Number of protein chains: 2
Amino acid sequence: MAQRKHYLFVCTNRRPPGTPKGSCATRGADGLYMALKAELAARGLAKAEVRTCTASCLDVCWAGPVIAVEPDGYFYGRVTEADIPAIADALASGTRVERLVLPAGDFDQATAGPMIPETPVPPPGPG
Amino acid sequence: MAQRKHYLFVCTNRRPPGTPKGSCATRGADGLYMALKAELAARGLAKAEVRTCTASCLDVCWAGPVIAVEPDGYFYGRVTEADIPAIADALASGTRVERLVLPAGDFDQATAGPMIPETPVPPPGPG
């Protein structure tokens with residue numbers, strides 16, 4: 001193994017559902033991380049090109065789920081599993097998914113765009 | 001808040017003590033993360049300059065504890081709490097601590113330098 005060309009840091013911080021600024025995990029970040037890692041491995045990108053990691057809070061909760069793309073130095077925000085093919089395509093081609101890249105205003109909750117809904121919590125199963 | 005100039009991703013992955021390649025957490029990464037975060041906050045660097053986060057395995061276990069310094073694109077390795085003042089000084093002055101920067105050879109266990117010892121596990125307390 002060598003140092004990868006890109007490291008993706010998927011915030012998986014979790015706050016209680018209903019917290020005003022929300023959190024990445026309550027909007028599906030855990031599943032997003034696992035699906036993104038699997039997709040990049042399936043495309044043969046995981047061993048040399050891209051490593052996908054989880055991270056603690058990246059301080060842009062309101063724009064979550066967020067992914068810091070490093071060392072490129074930009075963040076993807078409001079990412080869902082439906083965005084994974086586009087993210088993988090962009091990594092493979094050396095581009096980025098512009099519609100997901102957080103603008104400067106999204107780094108401050110006062111000027112950020114709208115939050116995506118939290119993922120509904122499933123009811124407890126029987127027993 | 002705005003996007004920080006630097007993000008420090010401290011690997012806190014933990015494997016059972018004695019695992020051949022070891023892990024960052026068994027060499028003190030949890031305490032390192034907390035002490036580093038506290039030091040950068042105390043110096044007034046945390047709000048705009050540097051955010052310190054934990055991360056899952058960065059795949060350089062043998063050189064742990066490791067810290068990915070982004071978007072600068074280098075890793076510090078074999079970091080101990082004694083190195084924190086030097087790391088903070090370097091961030092404040094726009095430099096880096098060269099003696100801690102991992103060379104390319106450290107990204108492959110076959111060519112890596114020596115591992116630092118795991119932190120002894122304290123004996124279980126009474127009761």
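How many residue pairs are in polar contact across the interface of chain A and chain B? The rule finds eight such pairs, with both partners at pLDDT 80 or more. Keep in mind as you read that this is a predicted model.

**How far to trust the model**

Let's start with the predictor's own scores. Chain A averages a pLDDT of 94, and 97% of the residues score at least 70. For the complex, the predictor gives an ipTM of 0.94 and a pTM of 0.94. One general caution is handy here: where pLDDT is low, the predicted coordinates should not be read in detail.

**Where the two chains meet**

Now look at the place where the chains touch. On chain A, 23 residues are in contact with 23 residues of chain B. Together the two chains bury about 1900 Å² between them, and carbon and sulfur atoms give 51% of that area. Try finding A:Gln3, A:Asp59 and A:Phe107 in the structure: they supply 25% of the area that chain A buries against chain B, more than any other three residues.

The interface also holds polar partners. Besides the eight residue pairs in polar contact, the rule finds four salt bridges across the interface. Which strands of chain A supply at least two residues each to the side that touches chain B? They are strand 1 (6-11), strand 2 (50-55), strand 3 (67-70) and strand 4 (74-76). Strand 2 of chain A gives the largest share, four residues. Sorted by character, the residues on this side of chain A divide into 14 nonpolar, four polar and five charged.

**Two salt bridges to look up**

Over all chains, the count comes to 18 salt bridges. Here are two of them, for you to find in the structure.

| Salt bridge | N to O distance |
|---|---|
| A:Asp59 with B:Arg4 | 2.8 Å |
| A:Arg14 with A:Asp30 | 3.0 Å |

A:Asp59 reaches across to B:Arg4 in the other chain, while A:Arg14 and A:Asp30 pair up through their side chains. The A:Arg14 and A:Asp30 pair links distant parts of the chain, 16 residues apart: A:Arg14 sits in the loop between strand 1 and helix 1 (29-42) of chain A, and A:Asp30 in helix 1.

**How the copies are arranged**

Finally, step back and view both chains together. A rotation of 180° with 0.0 Å of shift along its axis superposes chain A on chain B, with an RMSD of 0.1 Å. The two copies are therefore related as by a two-fold rotation axis. The same surface serves both copies, since 100% of the contact residues of chain A recur in chain B.

Notes
Residues are numbered from 1 along each chain as its sequence is written. Chains are lettered from A and ligands numbered from 1 in the order in which they are written. Side-chain values use heavy atoms; hydrogens and water are left out. Contact means heavy atoms within 4.5 Å. Buried area is the accessible area (1.4 Å probe) that two parts lose on being put together, summed over both. A polar contact is a pair of N or O atoms within 3.5 Å; within protein, one must be able to donate a hydrogen and the other to accept it, and residues adjacent in sequence count only if both atoms are side-chain atoms. Ala, Val, Leu, Ile, Met, Phe, Trp, Tyr, Cys and Pro count as nonpolar, Asp, Glu, Lys and Arg as charged, and the others, Gly among them, as polar. Copies are superposed by least squares on the C-alpha atoms of residues with pLDDT of at least 70 in both. pLDDT is the predictor's confidence in each residue, from 0 to 100.
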